[in-house]
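This report describes the fold and some local features of one protein chain. Please keep the sequence and the three-dimensional view at hand while reading.

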Amino acid sequence: MATISKATVCEIKEYGKDIKEYILKLDKNNYFEPGSFLLLSLEKKDDYTKWPESRNFSIASVYNKDNKVRLIIRKVGAYTTRIFNELAIGDSCMVKYAFGDFLLPFYDIKSSICCIAGGTGIAPILSFAEELKKIQQEKRLHVYYSFKNSEENMGINILKEIVPENQLHLYSTREKISGVNCRRIEKNDILNSGLDFSLSHFYICGSENFTNYFKGVLLEEEASNIYTDEW
(Lines give C-alpha, C1' and ligand atoms only; values in the text may rest on other atoms or scores of the structure.)
Protein backbone atom coordinates (compact mmCIF):
# COMPACT_ATOMS: atom_id res chain seq x y z
CA MET A 1 0.00 0.00 0.00
CA ALA A 2 1.27 3.46 -0.89
CA THR A 3 2.31 5.89 1.83
CA ILE A 4 0.94 9.45 1.98
CA SER A 5 3.21 11.85 3.80
CA LYS A 6 3.81 15.52 4.36
CA ALA A 7 7.23 16.53 3.01
CA THR A 8 9.21 19.63 3.96
CA VAL A 9 11.76 21.25 1.65
CA CYS A 10 15.24 21.15 3.25
CA GLU A 11 17.44 22.17 0.33
CA ILE A 12 17.09 23.49 -3.21
CA LYS A 13 19.78 23.54 -5.88
CA GLU A 14 19.30 25.17 -9.26
CA TYR A 15 20.65 23.81 -12.54
CA GLY A 16 20.12 26.69 -14.92
CA LYS A 17 16.74 28.41 -15.07
CA ASP A 18 14.51 25.39 -15.71
CA ILE A 19 15.79 22.58 -13.45
CA LYS A 20 15.83 22.36 -9.66
CA GLU A 21 16.91 19.68 -7.23
CA TYR A 22 14.75 19.44 -4.12
CA ILE A 23 15.71 17.63 -0.93
CA LEU A 24 12.51 16.78 0.94
CA LYS A 25 12.19 15.45 4.47
CA LEU A 26 9.31 13.00 4.89
CA ASP A 27 7.11 12.87 7.96
CA LYS A 28 6.41 9.20 7.21
CA ASN A 29 9.53 7.39 6.08
CA ASN A 30 8.73 3.94 4.70
CA TYR A 31 11.08 1.80 2.62
CA PHE A 32 11.11 2.21 -1.17
CA GLU A 33 13.20 0.52 -3.82
CA PRO A 34 15.75 2.46 -5.88
CA GLY A 35 14.19 3.52 -9.18
CA SER A 36 10.77 4.15 -7.62
CA PHE A 37 8.75 7.29 -8.26
CA LEU A 38 6.40 9.37 -6.13
CA LEU A 39 3.47 11.70 -6.69
CA LEU A 40 3.87 15.27 -5.45
CA SER A 41 0.90 17.51 -4.72
CA LEU A 42 0.83 21.11 -3.57
CA GLU A 43 -2.63 20.61 -2.06
CA LYS A 44 -2.17 19.81 1.65
CA LYS A 45 -4.83 17.97 3.66
CA ASP A 46 -4.92 15.79 6.76
CA ASP A 47 -7.08 13.23 5.00
CA TYR A 48 -7.96 12.50 1.38
CA THR A 49 -11.08 10.94 -0.06
CA LYS A 50 -9.54 11.48 -3.48
CA TRP A 51 -5.87 12.17 -4.22
CA PRO A 52 -5.61 15.73 -5.63
CA GLU A 53 -3.82 16.98 -8.73
CA SER A 54 -0.17 15.99 -8.65
CA ARG A 55 2.84 15.14 -10.80
CA ASN A 56 5.06 12.07 -10.69
CA PHE A 57 8.84 12.32 -10.23
CA SER A 58 11.52 9.65 -10.00
CA ILE A 59 13.20 9.49 -6.61
CA ALA A 60 16.86 10.33 -7.19
CA SER A 61 18.11 8.85 -3.92
CA VAL A 62 17.91 5.66 -1.88
CA TYR A 63 15.90 4.96 1.24
CA ASN A 64 17.67 6.33 4.29
CA LYS A 65 17.03 6.85 7.99
CA ASP A 66 17.32 10.63 7.61
CA ASN A 67 13.80 10.58 6.08
CA LYS A 68 15.10 12.46 3.01
CA VAL A 69 14.43 12.05 -0.70
CA ARG A 70 15.98 13.85 -3.66
CA LEU A 71 13.90 14.98 -6.64
CA ILE A 72 15.13 16.56 -9.88
CA ILE A 73 12.36 18.61 -11.49
CA ARG A 74 12.32 20.34 -14.85
CA LYS A 75 9.86 23.21 -15.35
CA VAL A 76 7.80 22.09 -18.32
CA GLY A 77 4.23 23.26 -17.70
CA ALA A 78 1.76 24.98 -15.39
CA TYR A 79 2.07 22.58 -12.47
CA THR A 80 5.85 22.38 -12.39
CA THR A 81 5.89 26.18 -12.66
CA ARG A 82 3.72 26.24 -9.53
CA ILE A 83 6.19 23.92 -7.80
CA PHE A 84 9.07 26.27 -8.69
CA ASN A 85 7.10 29.30 -7.46
CA GLU A 86 5.51 27.82 -4.34
CA LEU A 87 8.11 25.47 -2.86
CA ALA A 88 10.89 27.32 -1.06
CA ILE A 89 13.09 26.04 1.76
CA GLY A 90 10.87 25.43 4.78
CA ASP A 91 7.70 25.02 2.71
CA SER A 92 5.80 21.72 2.59
CA CYS A 93 3.92 19.60 0.09
CA MET A 94 2.31 16.16 0.10
CA VAL A 95 3.77 13.06 -1.49
CA LYS A 96 2.40 9.61 -2.20
CA TYR A 97 4.93 6.82 -2.71
CA ALA A 98 6.34 4.45 -3.90
CA PHE A 99 5.39 3.32 -7.40
CA GLY A 100 6.95 1.90 -10.55
CA ASP A 101 8.76 -1.12 -11.98
CA PHE A 102 11.96 0.60 -13.19
CA LEU A 103 13.86 -1.31 -10.53
CA LEU A 104 17.20 -3.01 -10.05
CA PRO A 105 17.41 -6.78 -10.76
CA PHE A 106 18.04 -7.96 -7.20
CA TYR A 107 17.45 -11.54 -8.37
CA ASP A 108 20.65 -11.26 -10.45
CA ILE A 109 23.73 -10.24 -8.47
CA LYS A 110 26.37 -10.82 -11.17
CA SER A 111 25.38 -9.36 -14.55
CA SER A 112 26.36 -5.87 -15.68
CA ILE A 113 23.92 -2.99 -15.30
CA CYS A 114 24.03 -0.44 -18.13
CA CYS A 115 22.14 2.84 -17.76
CA ILE A 116 21.50 5.19 -20.67
CA ALA A 117 20.11 8.53 -19.54
CA GLY A 118 19.33 11.92 -21.03
CA GLY A 119 18.81 15.12 -19.04
CA THR A 120 16.65 14.73 -15.93
CA GLY A 121 16.35 11.05 -16.85
CA ILE A 122 19.45 10.63 -14.70
CA ALA A 123 17.28 10.84 -11.56
CA PRO A 124 16.52 7.13 -11.04
CA ILE A 125 20.05 6.22 -12.15
CA LEU A 126 21.42 8.20 -9.21
CA SER A 127 19.40 6.00 -6.87
CA PHE A 128 20.79 2.91 -8.62
CA ALA A 129 24.35 4.18 -8.13
CA GLU A 130 23.82 4.88 -4.44
CA GLU A 131 22.21 1.48 -3.86
CA LEU A 132 24.91 -0.46 -5.70
CA LYS A 133 27.58 1.34 -3.70
CA LYS A 134 25.73 0.50 -0.48
CA ILE A 135 25.72 -3.21 -1.31
CA GLN A 136 29.27 -3.05 -2.73
CA GLN A 137 28.29 -3.90 -6.30
CA GLU A 138 29.13 -0.59 -8.00
CA LYS A 139 31.67 -2.30 -10.28
CA ARG A 140 28.71 -3.75 -12.20
CA LEU A 141 27.47 -0.29 -13.18
CA HIS A 142 28.02 1.31 -16.60
CA VAL A 143 26.50 4.75 -17.22
CA TYR A 144 26.00 6.71 -20.46
CA TYR A 145 24.71 10.16 -19.53
CA SER A 146 23.89 13.01 -21.92
CA PHE A 147 23.18 16.57 -20.77
CA LYS A 148 23.07 20.00 -22.42
CA ASN A 149 25.86 21.88 -20.67
CA SER A 150 27.77 22.37 -17.42
CA GLU A 151 24.74 24.00 -15.80
CA GLU A 152 22.54 20.95 -16.36
CA ASN A 153 24.85 18.08 -15.41
CA MET A 154 22.73 16.97 -12.45
CA GLY A 155 24.27 14.39 -10.15
CA ILE A 156 27.61 14.27 -11.93
CA ASN A 157 29.56 14.39 -8.66
CA ILE A 158 27.63 11.39 -7.33
CA LEU A 159 28.34 9.42 -10.51
CA LYS A 160 32.05 10.30 -10.52
CA GLU A 161 32.34 9.16 -6.92
CA ILE A 162 30.60 5.82 -7.45
CA VAL A 163 30.83 4.61 -11.07
CA PRO A 164 34.21 3.12 -12.13
CA GLU A 165 36.03 5.74 -14.19
CA ASN A 166 36.25 3.67 -17.38
CA GLN A 167 32.54 2.81 -17.12
CA LEU A 168 31.22 6.38 -16.81
CA HIS A 169 30.61 7.97 -20.22
CA LEU A 170 29.55 11.63 -20.23
CA TYR A 171 28.20 13.65 -23.16
CA SER A 172 27.58 17.40 -23.36
CA THR A 173 25.51 18.34 -26.38
CA ARG A 174 25.78 22.15 -26.30
CA GLU A 175 29.04 23.04 -24.56
CA LYS A 176 32.64 21.89 -24.75
CA ILE A 177 33.66 20.57 -21.33
CA SER A 178 37.05 19.11 -20.50
CA GLY A 179 36.92 15.34 -20.16
CA VAL A 180 33.40 15.12 -21.61
CA ASN A 181 32.35 14.04 -25.10
CA CYS A 182 30.97 17.08 -26.95
CA ARG A 183 28.19 15.27 -28.80
CA ARG A 184 25.15 13.08 -28.28
CA ILE A 185 25.34 9.45 -27.25
CA GLU A 186 25.61 7.40 -30.44
CA LYS A 187 24.62 3.89 -31.39
CA ASN A 188 28.21 2.72 -31.62
CA ASP A 189 28.94 3.89 -28.07
CA ILE A 190 26.59 1.18 -26.86
CA LEU A 191 27.50 -1.43 -29.47
CA ASN A 192 31.21 -1.08 -28.69
CA SER A 193 30.72 -1.15 -24.91
CA GLY A 194 31.93 -4.74 -24.62
CA LEU A 195 28.82 -5.69 -22.67
CA ASP A 196 27.12 -9.05 -23.08
CA PHE A 197 23.77 -8.12 -24.62
CA SER A 198 22.19 -11.43 -23.67
CA LEU A 199 23.01 -11.14 -19.95
CA SER A 200 23.39 -7.44 -19.11
CA HIS A 201 20.50 -5.35 -17.79
CA PHE A 202 19.84 -2.16 -19.77
CA TYR A 203 17.97 0.82 -18.29
CA ILE A 204 16.96 3.71 -20.55
CA CYS A 205 15.52 6.92 -19.14
CA GLY A 206 14.89 10.10 -21.10
CA SER A 207 12.51 11.66 -23.60
CA GLU A 208 10.22 9.47 -25.69
CA ASN A 209 12.43 9.79 -28.80
CA PHE A 210 15.60 9.13 -26.78
CA THR A 211 14.10 6.06 -25.12
CA ASN A 212 12.63 4.60 -28.30
CA TYR A 213 15.89 5.07 -30.22
CA PHE A 214 18.10 3.23 -27.77
CA LYS A 215 15.49 0.57 -27.13
CA GLY A 216 15.53 -0.08 -30.86
CA VAL A 217 19.34 -0.29 -30.86
CA LEU A 218 19.25 -2.87 -28.08
CA LEU A 219 16.46 -4.90 -29.67
CA GLU A 220 18.52 -5.12 -32.87
CA GLU A 221 21.27 -6.69 -30.77
CA GLU A 222 18.72 -9.07 -29.22
CA ALA A 223 19.28 -7.71 -25.73
CA SER A 224 17.24 -9.76 -23.28
CA ASN A 225 16.77 -7.34 -20.39
CA ILE A 226 15.57 -3.85 -21.35
CA TYR A 227 13.77 -1.50 -18.97
CA THR A 228 12.50 1.93 -19.96
CA ASP A 229 11.28 5.02 -18.15
CA GLU A 230 10.37 7.99 -20.32
CA TRP A 231 9.28 11.54 -19.43
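The report takes up two sheets, a pocket and a few single residues.

The model is predicted: local features need pLDDT of at least 70 and side-chain atom pairs count only at pLDDT 80 or more, while totals for chains, interfaces and linings use all residues. Residues are numbered from 1 along each chain as its sequence is written, and side-chain values use heavy atoms, with hydrogens and water left out.

**The antiparallel sheet**

Helices (H or I, at least four residues) and strands (E, at least two) are DSSP runs, numbered from the N terminus. Two strands pair if DSSP finds at least two bridges between them. An open sheet is formed by 6 strands in the order 4-3-6-1-2-5, with antiparallel pairing. Strand 4 (55–58) and strand 5 (68–74) are its edge strands, each pairing on one side only. On average, neighbouring strands of this sheet are turned by 40 degrees against each other, direction ignored. Helix 1 (residues 78–86) packs on the sheet and touches strand 2 (19–26), strand 3 (37–41), strand 4 and strand 5. Contact here means heavy atoms within 4.5 Å. The direction of helix 1 makes about 125 degrees with that of strand 5. For such angles, axes are lines fitted to C-alpha atoms, for helices over the stretch in contact, and angles run from 0 to 180 degrees between N-to-C directions.

Strand 1 (residues 3–15) is joined to strand 6 (residues 92–99) by 6 bridges; in strand 6, Met 94 is the bridge partner of Lys 6. Strand 6 also holds Ala 98, and the peptide bond from Tyr 97 to Ala 98 is cis, with omega near 0 degrees.

**The parallel sheet**

A further open sheet has 5 strands in the order 9-8-7-10-11, and its pairing is parallel. Strand 9 (168–172) and strand 11 (225–230) stand at the edges with a single partner strand each, so one side of each has no neighbour in the sheet. The twist from one strand to the next averages 10 degrees. Strand 7 (residues 113–118) pairs with strand 10 (residues 201–206) over 5 bridges, and Tyr 203 in strand 10 is the bridge partner of Cys 115. Helix 2 (residues 123–134) lies across strand 7, strand 8 (141–147), strand 10 and strand 11, at about 150 degrees to strand 7. Helix 5 (residues 208–220) lies across strand 7, strand 10 and strand 11, at about 160 degrees to strand 10.

Helix 5 also gives the most to the lining of the second largest pocket, with 4 residues. This lining has 18 residues, and Gly 118, Gly 119, Ser 146, Arg 184 and Phe 210 lie nearest the pocket's centre. A pocket is an open set of points on a 1 Å grid over the protein atoms alone, where a 1.4 Å probe fits, with protein on both sides within 12 Å along at least five of seven lines; lining residues have an atom within 4 Å of a point.

**Residues with a positive phi**

Most residues other than glycine have a negative phi, and most peptide bonds are trans. The table lists two residues with a positive phi.

| Residue | Phi | Place | Relative accessibility |
|---|---|---|---|
| Asn 67 | near 65 degrees | loop between strand 4 and strand 5 | 19%, buried |
| Gln 136 | near 60 degrees | loop between helix 2 and strand 8 | 72%, exposed |

Buried means under 20% relative accessible area, exposed over 50%, and partly exposed in between (1.4 Å probe, protein chains only).
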